[in-house]
Amino acid sequence: MSVKVAGKGSETGNVSKLVINGNSGTKAVDLRGGFVQLTYTESIMSDTITAKFTFADSGASIDGKSVRDGLPLVKEERVELEMEDNSENKIAVTLYVNDFNPIANKTQKSMLTLDLVSKEFIMNEKVRVKERYDGKPSDHIQKIVTDVLESDKSIDIEQTVNNLNFIPNNKKPFYVISNLCKKSVSSENQTLGSTAGYFFYETSEGFFFKSIDGLLDQEPKAKTIYNESPDTGGGNVPEGKDFKVMQYSKKDNGSVQEKMKMGALTTRQVIFDPFTCYYEVINPKTDDTEGSLKTAGRDGLALNKDLRNKEFDKDGKNEDYTRTTYRLLDKGTLPTGDSKQQIEKSGEENFKGADIENQSIMRYNQFFSSQADIVIPGNFALHAGDMIHLDVPGLSDNRTENPDDQDGGLYIITDICHTITPKSTFTRCNLSRDSIGRKPVSN
């Protein structure tokens, strides 16, 4: 699947609608007349989308007054935003004013920056998750977003294979959802006992609940390249590529010590059953499970058994680990059914922590093993959670420009920010993947 190519380089896009509605419901102002800059952001690490809009607020914006005085602007106002890039890829969202900050105040004009957020961002502070939930985490996510947050947005949910019964103890919805992400295993893209972990995030297309391995197993939405050849306004795009990268930088992927402290490759879990006094130590590590992982890189995880220095391997059962977790088995906790059925299930474990907890810790840390930052001409077809294929030039002793065999390849867009000014439109993407080596893709 490819996106529409931006044929006019980074020329400014079109903000076709930017209307702020007063809380009284009787007044509305079109803010495009004072347009200075708009930034719109999505991230798989954020529950909701955000935006910032800077505009010149004159004394004749509404009823002979400024927007701040005439609307009046007091926060929580509804803002209707529609914009499109040079290839007619559109984004249309409804946001709300979370905060505003005056930048400059003069007699006849001032500059304001509006901090805009989703409705659910504000609702998260007003509601709490109270009732008991039984069943699969994927079902819980659907109910929390629809019933508790009262959202009417679409939710793309990747189904989970494990069950988890719990009482949320009056917590905020996004707190509960974040906790469920760490305790979920996909029925489609993950194997219980080998890998775990989800991301919950929002784009202009709705909410998404996706497993780490599911994100890494998708087809690239776009193919792009970075080199030193001039772009000539989007007209010098090589065959088989959708667009060219204007700026590229490789990010620090973290030291060996940092990866070990976080338990990226090998962990230990100490398990205790308070009813039987059963004590066990297990040693989940990627050496045993890497074959079950879906990776974006050709050569597997960094520091895997084929690439790391064997001098640092520890011999012996349960001796090779860099992070330890402790767990009390929750047998008999919140069983379902009538009294007889609950008694029969009293010996069953509710949350299978030995198969999920440390596996998700490792997988989250692996996901950010290789990172890069790119800037491209404004492209609103790309979203957080999409996969792209990036080629960057490799070092060579001849003039042949071969793609870099280590840094090139498939990446997930973890963060994306569109910036629109009266003169230009740019898209900045933070990219991540779990492994190394350039995987080729078909044109």
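**Exercise 1. Place Phe55 in the fold and decide whether it is buried or exposed.**

Solution. Step 1: Phe55 sits in strand E4, residues 50-58. Helices (H or I, at least four residues) and strands (E, at least two) are DSSP runs, numbered from the N terminus. This is a predicted model, in which local features need pLDDT of at least 70, side-chain atom pairs count only at pLDDT 80 or more, and totals for chains, interfaces and linings use all residues. Residues are numbered from 1 along each chain as its sequence is written, and side-chain values use heavy atoms, with hydrogens and water left out.

Step 2: Phe55 has 2% relative accessibility, so it counts as buried. The cut-offs are under 20% relative accessible area for buried, over 50% for exposed and partly exposed in between (1.4 Å probe, protein chains only).

Step 3: list the contacts, meaning heavy atoms within 4.5 Å. Leaving out residues up to four places away in sequence, Phe55 touches Leu31, Gly34, Phe35, Val36, Val67, Ser110, Met111, Leu112 and Leu114.

Step 4: take one pair across the chain. Phe55 and Ser211 are 156 residues apart in sequence, and their C-alpha atoms are separated by 39 Å.

**Exercise 2. Work out the strand order of the open sheet that contains E14, and find its edges.**

Solution. Step 1: the sheet has 3 strands in the order E15-E14-E16, with mixed pairing. Two strands pair if DSSP finds at least two bridges between them.

Step 2: E15 (278-282) and E16 (324-328) are the edge strands. Each has a single partner strand, so one side of each lacks a neighbour in the sheet. The twist averages 15° from one strand to the next.

Step 3: check one pairing. E14 (residues 268-273) runs antiparallel to E15, over 5 bridges. Within this pairing, Val270 stands opposite Val281 in E15.

Step 4: add the helix. H9 packs on the sheet and touches E14, E15 and E16. The direction of H9 makes about 150° with that of E14. Axes are lines fitted to C-alpha atoms, for helices over the stretch in contact, and angles run from 0 to 180 degrees between N-to-C directions.

**Exercise 3. Which residues does Ala354 touch, not counting residues up to four places away in sequence?**

Solution. Step 1: locate Ala354 in helix H9, residues 353-367.

Step 2: read off the contacts, which are Gln269, Ile271, Ile282 and Gln359.

Step 3: compare positions along the chain and in space. Ala354 and Ile271 are 83 residues apart along the chain, yet their C-alpha atoms are separated by 8.0 Å.

Step 4: assess the cover. Ala354 has a relative accessible area of 27%, so it is partly exposed.

**Exercise 4. Trace the pairing on E17 through Asp373.**

Solution. Step 1: E17 spans residues 370-377 and is mostly covered, with 8 of its 8 residues buried.

Step 2: E17 pairs with E13 (residues 247-250) in the antiparallel sense, over 4 bridges. Here Ser249 has Asp373 as its bridge partner.

Step 3: E17 is also joined to E20 (residues 425-433) by 8 bridges, again antiparallel. In E20, Asn430 is the bridge partner of Asp373.

**Exercise 5. Is Asn304 buried or exposed, and which backbone oxygen lies 3.4 Å from a polar atom of its side chain?**

Solution. Step 1: Asn304 lies in the loop between H7 (286-289) and E16.

Step 2: its relative accessible area is 4%, so Asn304 is buried.

Step 3: the oxygen belongs to the backbone of Asp299. Asn304 touches Glu290 and Asp299, residues up to four places away in sequence not counted.

**Exercise 6. Describe the stacked pair formed by Phe200 and Phe207.**

Solution. Step 1: the whole structure holds 12 aromatic pairs. Rings of Phe, Tyr and Trp (its six-membered ring) pair if their centres lie within 6.5 Å; planes under 30 degrees apart count as stacked, over 60 as edge-to-face and the rest as tilted.

Step 2: Phe200 and Phe207 are 5.4 Å centre to centre, with 10° between the planes.

Step 3: check the cover. Phe200 is buried at a relative accessible area of 5%, and Phe207 is buried at 1%.

Step 4: note a cluster. Phe199, Tyr364, Phe367 and Phe368 form one aromatic cluster.

Note on methods
Polar contact = N/O pair within 3.5 Å; in protein donor to acceptor, adjacent residues only side chain to side chain.
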